[in-house]
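Me: I should like to work through the structure below by question and answer. Please reason briefly each time and finish on the value or name requested.

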Amino acid sequence: MGMSVTISAATTQDAEQILKLQYLCYQSEAELYGDYGIEPLTQPLDSLRAELAGGTVLVARLGDEVVASVRGAVDADGTARINKLIVHPRMQRHGLGGRLLAAIEAKLGADGAAKSYELFTGHRSDRNLRLYRKHGYAQVSTERVDERLTLVTLAKGAPASAFVASA
């Protein structure tokens, strides 16, 4: 009998597993852009622990192993910024990234604070761009970081049901 993947809020005990997974997952991005100094590969454990304490972090588990993760927070203007969506290479191409993206959107939009969702990826990250577009995101801007990297920002509105009616 196989195990199923469960999605839940990350705990402080997950920090090391998330950081190791992040390091593994961002190797392909670093190779794609020829830059192994990117923030996900150099982020210290204390910084990740602070994100766990102050933001919304979800993990997907297969048994006790963290096999995917995503982070997000809602700004004062109602923009839910989603970042560091990672899925273990052996678990990719099975819909887990889409499930995690939907879960973080639901979590960030649960209290009606999120009016829109925004995320970004590199211009050469075709699989990421396809995933985000499949889930309703559209390109809203680009920012050239250097000769190797242009960041593509994508956004979508929150569903009407996520808004809280005002009296």
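Me: At what angle do α1 and helix α4 pack?

Reply: This is a predicted model. Helix α4 covers residues 45-54, and the axes of α1 and α4 are 10 Å apart. The angle at which the two helices pack is about 115°.

Me: Which residues of α4 make the contact with α1?

Reply: The crossing of α1 and α4 is right-handed. On the α1 side, the contact is made by A15, E16, I18 and L19. On the α4 side, the residues are L45, L48, R49 and L52.

Me: Is L45 buried, partly exposed or exposed?

Reply: L45 is placed in helix α4. Leaving aside residues up to four places away in sequence, L45 touches A15, E16 and L19. The relative accessibility of L45 is 22%. Because the buried class ends under 20% and the exposed class starts over 50%, L45 counts as partly exposed.

Me: How far apart are the C-alpha atoms of L45 and M91?

Reply: Along the chain, L45 and M91 are 46 residues apart. In space, their C-alpha atoms are separated by 24 Å.

Me: At what angle does helix α1 run to β3?

Reply: Helix α1 comprises residues 15-25. It lies across β2 (56-62), β3 and β4. Relative to β3, helix α1 runs at about 95°.

Me: What is the order of the strands in the open sheet?

Reply: The sheet is open, contains seven strands and shows mixed pairing. The order is β1-β2-β3-β4-β5-β7-β6.

Me: Which strands stand at the edges of that sheet?

Reply: Neighbouring strands of the sheet are turned against each other by 25° on average, direction ignored. An edge strand here has a single partner strand, so one of its sides is left without a neighbour in the sheet. The strands in this position are β1 (5-9) and β6 (138-144).

Me: Why is strand β4 described as largely enclosed by the rest of the structure?

Reply: Strand β4 spans residues 79-87, nine residues in total. It is largely enclosed because the number of its residues that are buried is seven.

Me: Which residue in β4 stands opposite V74?

Reply: Strand β3 (residues 65-74) pairs with β4 in the antiparallel sense over six bridges. The two strands form a hairpin with four residues between them. Opposite V74 in β4 stands A80.

Me: Is G78 buried or exposed?

Reply: G78 lies in the loop between β3 and β4, and in this turn it has a positive phi of about 90°. Apart from residues up to four places away in sequence, G78 touches A113, A114, K115 and S116. At 2% relative accessibility, which falls under the 20% limit, G78 counts as buried.

Me: How far apart in space are G78 and Q22?

Reply: In sequence, G78 and Q22 are 56 residues apart. From C-alpha to C-alpha, the separation in space is 27 Å.

Me: What is the bridge partner of R81 in β5?

Reply: β4 and strand β5 (residues 116-122) run parallel and are joined by three bridges. A80 of β4 has Y117 as its bridge partner in β5. For R81, the bridge partner is E118.

Me: Through which helix does the chain cross from β4 to β5?

Reply: The connection is a β-α-β crossover, and it is right-handed. The helix comprises residues 96-109. Its name is α5.

Me: Is K84 buried or exposed?

Reply: K84 is placed in strand β4. It has a positive phi of about 50° although it is not a glycine. Its relative accessible area is 12%, which is under 20%, so K84 is buried.

Me: Is R93 buried or exposed?

Reply: R93 lies in the loop between β4 and α5. Its phi is near 70°, a positive value in a residue other than glycine. The relative accessible area of R93 is 65%, which is over 50%, so R93 is exposed.

Me: Over which residues is the pLDDT below 50?

Reply: The mean pLDDT of the protein chain is 91, and 93% of its residues reach 70 or more. The stretch in question has eight contacts in the model beyond near neighbours in sequence. The pLDDT is below 50 over residues 161-167.

Key: Residues numbered from 1 in each chain as written. Predicted model: local features only at pLDDT ≥ 70, side-chain atom pairs only at ≥ 80, totals over all residues. Heavy atoms only, no water. Buried < 20%, exposed > 50% of the residue type's maximum accessible area, 1.4 Å probe, protein only. Pairing = 2+ DSSP bridges. Right-handed = clockwise from strand over helix to strand, strands pointing away. Axes fitted to C-alpha atoms, helices over the stretch in contact; angles between N-to-C directions. Contact = heavy atoms within 4.5 Å. pLDDT = per-residue confidence, 0-100. Left-handed = near helix turned anticlockwise from the far one by under 90°.
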